[in-house]
Amino acid sequence: QANVSNLKTFLSAVRLAHQGTDAGVLPLSPLVPAKNSEVEKPKTKMIITSRRDYPLTKSFPYSLEHLQTSYCKLARVDTRVLCLKKLRKLDLSHNHIKQLPATLGDLVCLQELNLHDNHLESFSGALCSSTLQKSLQFLDLSQNQIQALPIEFCQLRGLVQVKLDDNALLRLPCKIGQLSRLRFLSAARNQLPFLPSDFRKLCLENLDLFGNPFEQPNPLVPNIQLKIPLTLLECAARATVNHRIPYGCHLLPSHLCEDLEVAKRCQCGSACLSSFIQITVTMNLHHVAHTVVLVDNMGGTEAPILCYFCSLDCYSQFLDRHLQSNG
């Protein structure tokens with residue numbers, strides 16, 4: 001894009017200088033500082049909203065901090081996007097993406113990820129264990145085909161807003177209470193029958209669970225998985241969690257470590273692994289959220305939540321309190 005005349009003069013001067021011509025007689029023009037309008041600033045934002053405008057031969061500027069490629073019929077995440085290490089906001093909504101590459105977690109500055117209206121069936125545990133643990137604050141997975149989120153999802157401790165609407169979710173992560181920074185959660189129009197017990201630990205500003213087929217809670221009909229006497233494995237697992245004994249894959253088989261990570265908590269505070277009594281009870285969602293979108297068309301703001309007991313004694317004590325409060 002150089003001026004042709006100036007370029008010819010410059011090349012002529014270079015040729016003469018190479019031949020040993022004295023610098024004083026070289027056809028050099030005086031140096032003039034470039035104007036601000038002539039200096040191209042690094043590009044930090046790019047918005048593409050059609051397949052026609054999507055760059056097929058050019059690279060994305062490495063200085064990008066905000067990239068939107070919507071309505072481009074993308075079947076997968078472009079590998080060129082994964083090289084944009086300064087990216088803070090990535091919008092891939094309204095495409096045909098079925099799977100996310102694990103290398104998406106290498107975007108160390110990524111704070112916002114929008115995957116609304118794609119064909120995703122999962123959100124991998126590898127992504128949840130990546131650098132996204134610290135950076136990711138906003139995640140939109142709405143209008144996909146996800147049935148469950150991995151246990152590792154709750155390692156994304158920086159999340160402030162999560163959108164899961166219009167999927168096929170059968171459950172929420174059992175350790176969702178670990179998302180201590182979460183303030184906005186929407187999981188409307190899924191297939192949730194109840195909420196995990198850890199849901200009580202959340203402290204939200206806004207919650208939307210409208211349109212889920214929540215079951216009618218019935219504390220008098222328990223799901224009894226209690227084994228008496230307790231197995232040695234159950235006793236050891238309970239002791240490990242209750243006394244906070246350190247463990248890891250260097251000490252125990254990986255499947256045992258995974259089981260310990262999702263140990264259930266009784267109302268008394270004790271842990272239980274695979275031997276427990278499970279019921280569902282009613283929880284007013286205002287206990288965990290300031291603003292609650294109605295759960296149904298009847299104006300309700302209550303939903304069933306799982307509740308666990310480590311022994312018959314604990315369940316009996318709960319039952320006595322429940323019957324007294326209801327009559």
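**Figure 1. K89 and E112 pair up in a salt bridge.** Start with K89, which is partly exposed, with a relative accessible area of 32%. This is a predicted model, so keep in mind that everything in these views comes from a prediction. The side chain of K89 meets the side chain of E112 in a salt bridge, with 3.8 Å from N to O. What makes this pair fun to look at is that it links distant parts of the chain: K89 sits in strand β3 (residues 89-91), E112 sits in strand β4 (residues 112-114), and the two are 23 residues apart. And E112? At 29% relative accessibility, E112 also counts as partly exposed. If you like counting, the total for this model comes to 6 salt bridges.

**Figure 2. R52 and D53 share another salt bridge.** Here the side chains of D53 and R52 meet, at 3.7 Å from N to O. How open to the outside are the two partners? R52 counts as exposed, at 75% relative accessibility. D53 is partly exposed, with a relative accessible area of 46%, and that puts D53 in the band between the 20% and 50% cut-offs.

**Figure 3. D198 is a buried residue with a salt-bridge partner.** You can find D198 in the loop between β7 and β8. Is D198 buried or exposed? Its relative accessible area is 7%, and buried means under 20%, so D198 is buried. Its side chain meets that of K201 in a salt bridge, 3.1 Å from N to O. K201 counts as exposed, at 59% relative accessibility, so this bridge joins a buried residue to an exposed one. Which other residues does D198 touch? Leaving aside neighbours within four places in sequence, D198 is in contact with C174, K175, I176, G177 and Q178.

**Figure 4. P193 sits in the loop between β7 and β8.** This loop runs between β7 (184-186) and β8 (204-208), and P193 has its place there. P193 is buried, with a relative accessible area of 17%. Who does P193 touch once you skip residues up to four places away in sequence? The list is L170, P213, F214, E215 and P304. Now look for A303: P193 and A303 are 110 residues apart along the chain, yet their C-alpha atoms are separated by 9.1 Å.

**Figure 5. T282 looks out from strand β12.** T282 belongs to strand β12, which covers residues 277-284. With a relative accessible area of 46%, T282 is partly exposed. Not counting residues up to four places away in sequence, T282 touches P217, E302 and A303. How far is T282 from N218? In sequence they are 64 residues apart, and in space they are 8.7 Å apart, C-alpha to C-alpha.

**Figure 6. S135 reaches over to L110.** You'll find S135 in helix α3, made of residues 132-135. S135 is buried, since its relative accessible area is 9% and the cut-off for buried is under 20%. Which backbone oxygen does the side chain of S135 reach? It is the one of L110, at 2.8 Å. L110 is also among the residues that S135 touches, along with L107, V108, C109 and Q111, if you leave out residues up to four places away in sequence.

**Figure 7. Helix α5 keeps its buried residues on one face.** Helix α5 spans residues 254-261, and its buried residues are L256, C257 and L260. Seen down the axis of α5, these buried residues fall within an arc of 100°, so they line one face of the helix. What do they pack against? Their partner is α4 (232-242).

**Figure 8. A nonpolar patch lies on the surface.** Four residues make up this patch: L7, F10, L11 and V14. Together they have about 360 Å² of accessible area. Take F10 as your guide: F10 lies in helix α1, which covers residues 4-18. Is F10 buried, exposed or partly exposed? At 48% relative accessibility, F10 counts as partly exposed, because exposed would need over 50%.

Notes. Residues are numbered from 1 along each chain as its sequence is written. This is a predicted model: local features need pLDDT of at least 70, side-chain atom pairs count only at pLDDT 80 or more; totals for chains, interfaces and linings use all residues. Side-chain values use heavy atoms; hydrogens and water are left out. Patches are made of residues with over 30% relative accessible area and no salt bridge: like charges are joined within 9 Å, nonpolar side chains (Val, Leu, Ile, Met, Phe, Trp, Tyr) within 5 Å. Accessible areas come from the Shrake-Rupley method with a 1.4 Å probe; for residues, only the protein chains shown count as cover. Helices (H or I, at least four residues) and strands (E, at least two) are DSSP runs, numbered from the N terminus. Buried means under 20% relative accessible area, exposed over 50%, partly exposed in between (1.4 Å probe, protein chains only). The arc is that of the directions from the helix axis to the C-beta atoms. Contact means heavy atoms within 4.5 Å. A polar contact is a pair of N or O atoms within 3.5 Å; within protein, one must be able to donate a hydrogen and the other to accept it, and residues adjacent in sequence count only if both atoms are side-chain atoms.
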